[in-house]
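I am opening a notebook on a structure that is new to me. The entries below record what I looked up, in the order I looked.

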Amino acid sequence: MTTTTPPITLDDVRDAAARLKGVVHRTPVLRSRTLDALVGAEVFLKCENFQRVGAFKFRGAYNAVSRLSPEQLARGIAAYSSGNHAQAVALAARELGTGAVILMPEDAPPSKRDATLGYGAEIVTYDRYTGDRVAIGEALAAERGLALIPPYEHPHVMAGQGTAALELLEEVGELDALITPVGGGGLIAGSSTVVKGLHPGARVIGVEPEAGDDTKRSLEAGRRISIPVPRTIADGQALHTPGELTFSVNRRLVDEIALVGDDEIRDAMRFAFERLKIVVEPSGATPLAALLTGRVGALPRRVGVIISGGNVDAARFAELCGKQG
């Protein structure tokens, strides 16, 4: 049975913000005259690479985990993730006095794997190109009696992610457009709920890697489309289909999806490092890549961008950005 009731509302995001106050970092908003001149707009960069665990994911993870019952917390929690949600759930579990078991792909970046272990979680691995992480994760949680916290298919996770956009608007005021990365769709679902709820005329633009355009195809088709698991340097966006809950939000509220190539992502990472003096992981750099390449078309005057994360180790960063093609 279908329903027209949205999975999250602006009030849900505000409630999440109250719960997260004093727990998450209120991350900085950076400006760059050079960037403004290059793209012809006033750009406000919400830098979630400075968030706890190095990515926005801690917002949604903590919001969801903190709402579990004492009995559920006593049994422990499970999650599946390519890296950032893994770290976020592991840290949320530690903060709330419980244990976490995380399903991660065998080729997850070593820095993300090591950080997840460092927060005290147990890691179980799988092959992302042949295994169904949702099915494996659900079976793992059921077998061990754990509460499963998915990376985006959860109202409390989506609401938590939306607090980044809420903070941005509180700090800089009304925006004409907001640009975010799109993976499973939780960040842009929470963000679009905020932006459209406060400023209905603003545009919400998502950015995907060219190899992983499942959300763009789905929005164009009006239904969820599955693609082969993409091979892209943007590991946080290497997904094959949008989430069901997230898509129900995004098909109503997202105006456009832009695509960027891996070389353009590398250039954006290099620009962020050399000109903005920040380290951004590939998935976090996709909105900046879309801006720098003009993939989002003519921009309005005031544009917000969520830089979703900065979890890339030094060797990988040097490999990606050390040479210009």
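**Entry 1: a strand and its surroundings**

Is strand β7 (residues 177-181) largely enclosed by the rest of the structure or left open, and how many of its residues are buried? I kept in mind that this is a predicted model. I found that five of the five residues of β7 are buried, so the strand is largely enclosed by the rest of the structure.

I then looked at which way the side chains point. Ala177, Ile179 and Pro181 point one way from β7, while Leu178 and Thr180 point the other way. Residues on both sides are buried. I noted the general rule beside this: in a regular strand, side chains alternate between the two faces of the sheet.

**Entry 2: the neighbours of β7**

Which strands pair with β7? I found β8, paired with β7 in the parallel sense over five bridges. Thr180 has Gly206 as its bridge partner in β8. I also found β10, which runs parallel to β7 and is joined to it by three bridges. There the bridge partner of Ile179 is Val305.

I followed the chain from β7 to β8 as well. Together with α9, these two strands make a right-handed β-α-β unit.

**Entry 3: salt bridges**

How many salt bridges does the structure hold? I noted 23. The general idea is that side chains of opposite charge can pair when their charged atoms come close. I looked up three of the pairs.

My first pair was Lys46 and Glu167, whose closest N and O atoms are 2.7 Å apart. Lys46 lies in strand β2 (residues 42-47) and Glu167 in helix α8 (residues 155-172), so the pair ties together parts that are 121 residues apart in sequence. Are these two residues buried or exposed? Lys46 is buried, at a relative accessible area of 0%. Glu167 also counts as buried, at 9%.

My second pair was Lys196 and Asp255, with 2.9 Å between the closest N and O atoms. This pair links distant parts of the chain, 59 residues apart: Lys196 is in helix α9 (residues 186-198), and Asp255 is in the loop between α11 (244-253) and β9 (256-260). Lys196 is buried at 18% relative accessible area, whereas Asp255 is partly exposed at 37%. I checked the cut-off for Lys196, because buried means under 20%.

My third pair was Arg295 and Glu210, whose side chains meet in a salt bridge of 3.4 Å, N to O. Both sit in loops, 85 residues apart: Arg295 between α13 (282-293) and β10 (302-307), and Glu210 between β8 (203-209) and α10 (214-221). Arg295 is partly exposed at 33%, and Glu210 is partly exposed at 42%.

I then looked for pairs that share partners. Such salt bridges join Lys46, Glu48, Arg59 and Glu167 into one network.

**Entry 4: a threonine in a loop**

Where is Thr232 found? I located Thr232 in the loop between α10 and α11. At 15% relative accessibility, Thr232 counts as buried.

I looked up the polar atoms around its side chain. The side chains of Thr232 and Asp262 are joined by a polar contact of 2.8 Å. A polar atom of the Thr232 side chain also lies 3.1 Å from the backbone nitrogen of Ala234. Setting aside neighbours within four places in sequence, I listed Pro209, Ala211, Ala238 and Asp262 as being in contact with Thr232.

Notes:
Residues numbered from 1 in each chain as written. Predicted model: local features only at pLDDT ≥ 70, side-chain atom pairs only at ≥ 80, totals over all residues. Heavy atoms only, no water. Salt bridge = Lys/Arg side-chain N within 4 Å of Asp/Glu carboxyl O. Helix = DSSP H or I, 4+ residues; strand = E, 2+ residues; numbered from the N terminus. Buried < 20%, exposed > 50% of the residue type's maximum accessible area, 1.4 Å probe, protein only. Pairing = 2+ DSSP bridges. Right-handed = clockwise from strand over helix to strand, strands pointing away. Polar contact = N/O pair within 3.5 Å; in protein donor to acceptor, adjacent residues only side chain to side chain. Contact = heavy atoms within 4.5 Å.
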